[in-house]
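Subject: The structure, and what turned up in it

Hi,

Here is the structure I promised to hand over. Have a look at it first, then read my notes below.

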There are 2 protein chains.
Amino acid sequence: MGETGRLRLSEAAEQLQGIQEVADSLGITTRTLRFYEDRGLIEPRRVGTQRIYSKRETARMQLILRGKRLGFSLRDIQEFLDLYDADPQHLEQMRALAGRCRERIEELEAQKAALEQTVKELATIEREALARVKGTEKS
Amino acid sequence: MGETGRLRLSEAAEQLQGIQEVADSLGITTRTLRFYEDRGLIEPRRVGTQRIYSKRETARMQLILRGKRLGFSLRDIQEFLDLYDADPQHLEQMRALAGRCRERIEELEAQKAALEQTVKELATIEREALARVKGTEKS
DNA sequence: TTAGCCCTTGACGTATGCGTCAGGTAACGC
DNA sequence: GCGTTACCTGACGCATACGTCAAGGGCTAA
């Protein structure tokens with residue numbers, strides 16, 4: 001017994017993990033976990049100097065990572081989490097988050113529209129280029 | 001006469017502009033123009049040490065800025081331009097560019113989908129939160 | 001000639017998000 | 001006690017995309 005071999009976490013140890021385990025299970029590095037802690041995004045407890053991650057922290061980490069996947073900066077994410085903590089009912093936090101999401105969606109849609117426009121232009125230019133090529137070959 | 005007051009560009013001066021004019025007309029800073037030159041994206045001619053931007057350069061700059069708006073990195077843009085220069089017929093360049101555009105579009109669509117999913121989740125959570133609030137008020 | 005303006009080239013500063021040592025501690029097995 | 005392992009805290013490095021001096025050159029007007 002002793003999955004980790006470290007941190008003899010007497011019982012209920014399933015909930016409490018060391019940094020390496022958490023990093024592995026999240027698919028990130030320990031550096032990232034420490035970095036986020038430095039930025040105040042998470043606050044794992046300590047046993048001496050060692051970090052102990054509870055479910056709360058790993059859940060927060062999943063939120064953070066999702067935020068990142070969605071293209072938010074750590075600063076943005078930090079604001080969400082601050083609201084989340086400051087607002088036990090999560091109402092303001094929900095509204096703010098929903099608002100930011102809509103903004104992001106609009107940004108993405110604008111970019112997508114611009115890209116699609118560009119793709120159309122490219123198609124046109126490509127056709128013209130091909131036409132020129134054929135013309136050139138004949139000459 | 002003498003729009004610019006600098007660079008007495010005898011005639012046909014409308015085509016040739018100084019760095020500040022170009023920056024102003026593109027809505028960027030001179031620093032940016034010099035930076036892009038440093039990165040090999042543009043190569044304005046010189047009159048002595050001063051940079052002279054022809055239509056070719058300003059046209060390139062517009063391409064570059066569009067690329068940026070579309071979310072490409074300067075490195076990506078540089079590749080496009082290199083291809084553009086290396087391929088007078090622009091055929092390979094067209095294909096490559098079109099491909100990259102499609103990739104970007106897919107990225108954006110994936111992000112958009114993820115965001116929309118999140119928005120849905122948020123809406124659900126918000127509803128539940130509201131319900132809890134009401135329940136709390138009653139109790 | 002001198003002031004004033006625009007231009008030039010370094011080169012360091014900034015924000016973001018970590019990677020990558022370096023140097024040190026604590027607990028384990030033998 | 002010793003070696004190994006996992007952990008810790010700095011702290012510098014890196015890429016991106018410029019901002020921001022600093023120091024100097026050249027041209028024009030007065």
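A bit of vocabulary before we start: Ala, Val, Leu, Ile, Met, Phe, Trp, Tyr, Cys and Pro count as nonpolar, Asp, Glu, Lys and Arg as charged, and the others, Gly among them, as polar. A residue is near a strand if one of its heavy atoms lies within 4 Å of it.

Some housekeeping too. This is a predicted model, where local features need pLDDT of at least 70 and side-chain atom pairs count only at pLDDT 80 or more, while totals for chains, interfaces and linings use all residues. Residues are numbered from 1 along each chain as its sequence is written, chains are lettered from A and ligands numbered from 1 in the order in which they are written, and side-chain values use heavy atoms, leaving out hydrogens and water.

DNA strand D

By class, the surface near DNA strand D has 4 nonpolar, 6 polar and 10 charged residues. Altogether 20 residues surround this strand, and the closest are R34(A), R51(A), T29(B), Y36(B) and K68(B). Of the strand D atoms that come within 4 Å of the protein, sugar and phosphate account for 71%.

You can look up some polar contacts (pairs of N or O atoms within 3.5 Å). A polar side-chain atom of R34(A) sits 2.4 Å from a phosphate oxygen of DNA strand D. For Y36(B), a side-chain N or O atom is 2.7 Å from a phosphate oxygen of that strand, and for R46(A) the distance is 3.0 Å.

Which elements give two or more residues to the surface near DNA strand D? They are α1 (19-26), α2 (30-38) and β2 (50-52) of chain A, plus α2 (30-38) and α4 (74-86) of chain B. The α and β labels are DSSP runs numbered from the N terminus: helices are H or I with at least four residues, strands are E with at least two. α2(B) gives the most, with 4 residues.

DNA strand C

Here 19 residues surround the strand, and the closest are T29(A), Y36(A), K68(A), R34(B) and R51(B). The surface near DNA strand C divides into 4 nonpolar, 6 polar and 9 charged residues. Its largest share, 4 residues, comes from α2(A). Of the strand C atoms within 4 Å of the protein, 70% belong to sugar or phosphate and the rest to bases.

Phosphate oxygens of DNA strand C are 2.4 Å from a side-chain N or O atom of R51(B), 2.6 Å from one of R34(B) and 3.2 Å from one of R75(A).

Helix packing

Two packed helices are described by the angle between their axes and the distance between the axes. Axes are lines fitted to C-alpha atoms, for helices over the stretch in contact, and angles run from 0 to 180 degrees between N-to-C directions.

The axes of α1(B) and α2(B) come within 8 Å and cross at roughly 105 degrees. α1(B) and α2(B) are therefore roughly perpendicular (65 to 115 degrees; under 35 is roughly parallel, over 145 roughly antiparallel, and the rest oblique). In the contact (heavy atoms within 4.5 Å), I19(B), Q20(B), V22(B) and A23(B) of α1(B) meet T30(B), L33(B) and R34(B) of α2(B). Those residues divide into 4 nonpolar, 2 polar and 1 charged.

In chain A, α3 (residues 55-69) and α4 (residues 74-86) pack at about 135 degrees, with axes 9 Å apart. That makes α3(A) oblique to α4(A).

Cheers

Notes: A polar contact is a pair of N or O atoms within 3.5 Å; within protein, one must be able to donate a hydrogen and the other to accept it, and residues adjacent in sequence count only if both atoms are side-chain atoms.
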